[in-house]
Structures are given as C-alpha cells and as structure tokens.
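Trainee: I have a structure to study. Can we go through its helices together?

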Amino acid sequence: MIARVAVWEPMPTDDRDWVLDAAATVSGFHGAYHLVDPVTGNGLSIAFFEDEAAAQAAREAIEKRAEEIGWNSAPHPAPVSHTIYQVVRHV
C-alpha cells in the first residue's frame, strides 16, 4: 500500500468532493483524508492506494472528471508539494 500526501498552504475551501468521487471509482483506492490546521488554514490531503498503478488510475479518473465539469477553465490553487510514501504499518 502507498499513501500520497499533498501539502496545501492554505487548504482550498471550494467544493472538491468530485475529486474524491472520481478517485473512489478506481479499484485499489483505499480512501482519503483532508486535514486542516484551524489556526493557519494550511492542510494535508492523504490518499491511500493499493499500488502505484491504482494511484495513476485515480489521477487519470480525476483528470477526466475535471475535463467533464470544466474545472480546468479557471485557475485553482494547487498543493505546494506532494510525496508518495510506502505504508509500512496500518490497522
């Protein structure tokens, strides 16, 4: 299992449920959490995948949905960084 961690400064407050809905259609997607520091507004987005192939398939599903809803027709904030981690323990 792998985790993709994106750092946001600040975490977007616009409606992005469509991103999670698109990712959820992919086999090998194990869920996601969006975390926000209530003081700074900065946040983390953590998504879990079975493997790199599932993470790539989720990225493609998100990109497809973004095109369908016209998301790319206006600028939107992006994470300042993202890192892929190997999950070594979970319960």
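Mentor: Start with a term: exposed means over 50% relative accessible area, and buried means under 20%. Keep in mind that this is a predicted model.

Trainee: Which exposed residues does helix 1 carry on the face turned away from its buried side?

Mentor: Find the buried side to begin with. In helix 1, residues 17–24, the buried residues are Trp 18, Ala 22 and Ala 23. Seen down the axis they fall within an arc of 135°, so they line one face of the helix. The face turned away carries Asp 17, Asp 21 and Ala 24.

Trainee: Why do the buried residues of helix 2 sit on the same side?

Mentor: List them: Ala 54, Ala 55, Ala 58, Ala 61, Ile 62 and Ala 66 are buried. An α-helix has 3.6 residues a turn, so residues three or four places apart point the same way. Around the axis of helix 2, the buried residues cover an arc of only 140°.

Trainee: What covers the buried residues of helix 2?

Mentor: Look at both helices. Helix 2, residues 52–69, is part of what covers the buried residues of helix 1. In turn, what covers those of helix 2 includes strand 1, strand 3 and helix 1.

Trainee: At the start of helix 2, which backbone nitrogen does a side-chain oxygen of Asp 51 reach?

Mentor: A polar contact needs N or O atoms within 3.5 Å. Here the side-chain oxygen of Asp 51 comes to within 3.2 Å of its partner. That partner is the backbone nitrogen of Ala 53.

Technical notes: Residues are numbered from 1 along each chain as its sequence is written. This is a predicted model: local features need pLDDT of at least 70, side-chain atom pairs count only at pLDDT 80 or more; totals for chains, interfaces and linings use all residues. Side-chain values use heavy atoms; hydrogens and water are left out. Buried means under 20% relative accessible area, exposed over 50%, partly exposed in between (1.4 Å probe, protein chains only). Helices (H or I, at least four residues) and strands (E, at least two) are DSSP runs, numbered from the N terminus. The arc is that of the directions from the helix axis to the C-beta atoms. Contact means heavy atoms within 4.5 Å. A polar contact is a pair of N or O atoms within 3.5 Å; within protein, one must be able to donate a hydrogen and the other to accept it, and residues adjacent in sequence count only if both atoms are side-chain atoms.
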